[in-house]
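Visitor: I am new to this structure and would be grateful for a close look at a single part of it, the sheet and what lies around it. Please take me through it step by step.

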Amino acid sequence: MGDPIRLEIVRQLAMKKEQCCSDFNFAIAKSTMSNHFKILRCSGVVLTRKEGTQHINTLRSEDLEELFPGLLAAVLNSAQPFIIAQKQVVEQTV
């Protein structure tokens, strides 16, 4: 979760519980987005299941909480929020 895009993916999944890949609106190439999801899957942060042509992503919050109590909440609470608008990721100043 050291990358701002991956952190925003985790943040959105924490809020929405599950989301398909096409619902993430980032100004990056599909291959880059796929790589971010691969990293999150391989690290055990996200679970992806296929429904038809959709890939549905779920944050593994219970598993993460069991393995690393309080870590996910601390990461999400301390991270700089991002605003996603019109295919652009802009860091919000607080």
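Guide: In this predicted model, β1 and β3 pair in the antiparallel sense, and three bridges join them. Within that pairing, Gln-19 stands opposite Asn-57 in β3. Strand β3, which covers residues 54-59, also pairs with β2, again in the antiparallel sense, over six bridges. Two positions illustrate this second pairing: Lys-50 stands opposite His-55 in β3, and Leu-47 has Thr-58 in β3 as its bridge partner.

Taken together, these three strands form an open sheet in the order β1-β3-β2, with antiparallel pairing. Its edge strands are β1 (18-20) and β2 (46-51), each of which pairs on one side only. From one strand to the next, the twist averages 25 degrees. As a general point, the side chains of a regular strand alternate between the two faces of the sheet.

The connection between β2 and β3 deserves attention as well. These two strands form a hairpin with two residues between them. Gly-52, in the turn, has a positive phi of about 65 degrees.

From the sheet one may move to Phe-24, which lies in the loop between β1 and α2. Leaving aside residues up to four places away in sequence, Phe-24 touches Gln-19 and Asn-57, the two residues that stand opposite each other across β1 and β3. Its other contacts on that basis are Ile-9, Gln-12, Leu-13, Met-33 and Phe-37. Phe-24 has a relative accessible area of 7%, under the 20% limit, and therefore counts as buried.

Phe-24 also takes part in aromatic pairing. A search of the whole structure finds two aromatic pairs. In one of them, the ring centres of Phe-24 and Phe-26 are 6.1 Å apart and the planes meet at 10 degrees, so this pair is stacked. Both of these residues are buried. In an edge-to-face pair, Phe-24 and Phe-37 are 5.4 Å apart from centre to centre, with 65 degrees between the planes. Because Phe-24 lies in a loop and Phe-37 in helix α2, this pair ties together parts that are 13 residues apart in sequence. Phe-37 is itself buried, with a relative accessible area of 3%. Phe-24, Phe-26 and Phe-37 form one aromatic cluster.

The largest nonpolar core includes Phe-24 too. This core has 15 residues, and those with the most contacts inside it are Ile-9, Val-10, Phe-24, Val-45 and Leu-59. The elements that give two or more residues to the core are α1 (4-16), α2 (30-42) and α4 (71-78). Of these, α1 gives the most, with four residues. Leu-59 links this description back to the sheet, as strand β3 covers residues 54-59.

Finally, the part described here may be placed within the whole chain. The protein chain contains four helices and five strands, arranged along the sequence in the pattern α-β-α-β-β-α-α-β-β. Of its 94 residues, 30% are buried. Among contacts with a separation of 6 or more, 53% are between residues 24 or more positions apart. The accessible surface of the chain comes to about 6,100 Å², and carbon and sulfur atoms account for 54% of that area.

Notes. Residues numbered from 1 in each chain as written. Predicted model: local features only at pLDDT ≥ 70, side-chain atom pairs only at ≥ 80, totals over all residues. Heavy atoms only, no water. Buried < 20%, exposed > 50% of the residue type's maximum accessible area, 1.4 Å probe, protein only. Contact = heavy atoms within 4.5 Å. Areas by Shrake-Rupley, 256 points an atom, 1.4 Å probe, with all protein chains shown as cover. Core = buried A, V, L, I, M, F, W, Y, C linked by side-chain atoms within 4.5 Å. Pairing = 2+ DSSP bridges. Axes fitted to C-alpha atoms, helices over the stretch in contact; angles between N-to-C directions. Phe/Tyr/Trp six-rings, centres within 6.5 Å; stacked < 30°, edge-to-face > 60°.
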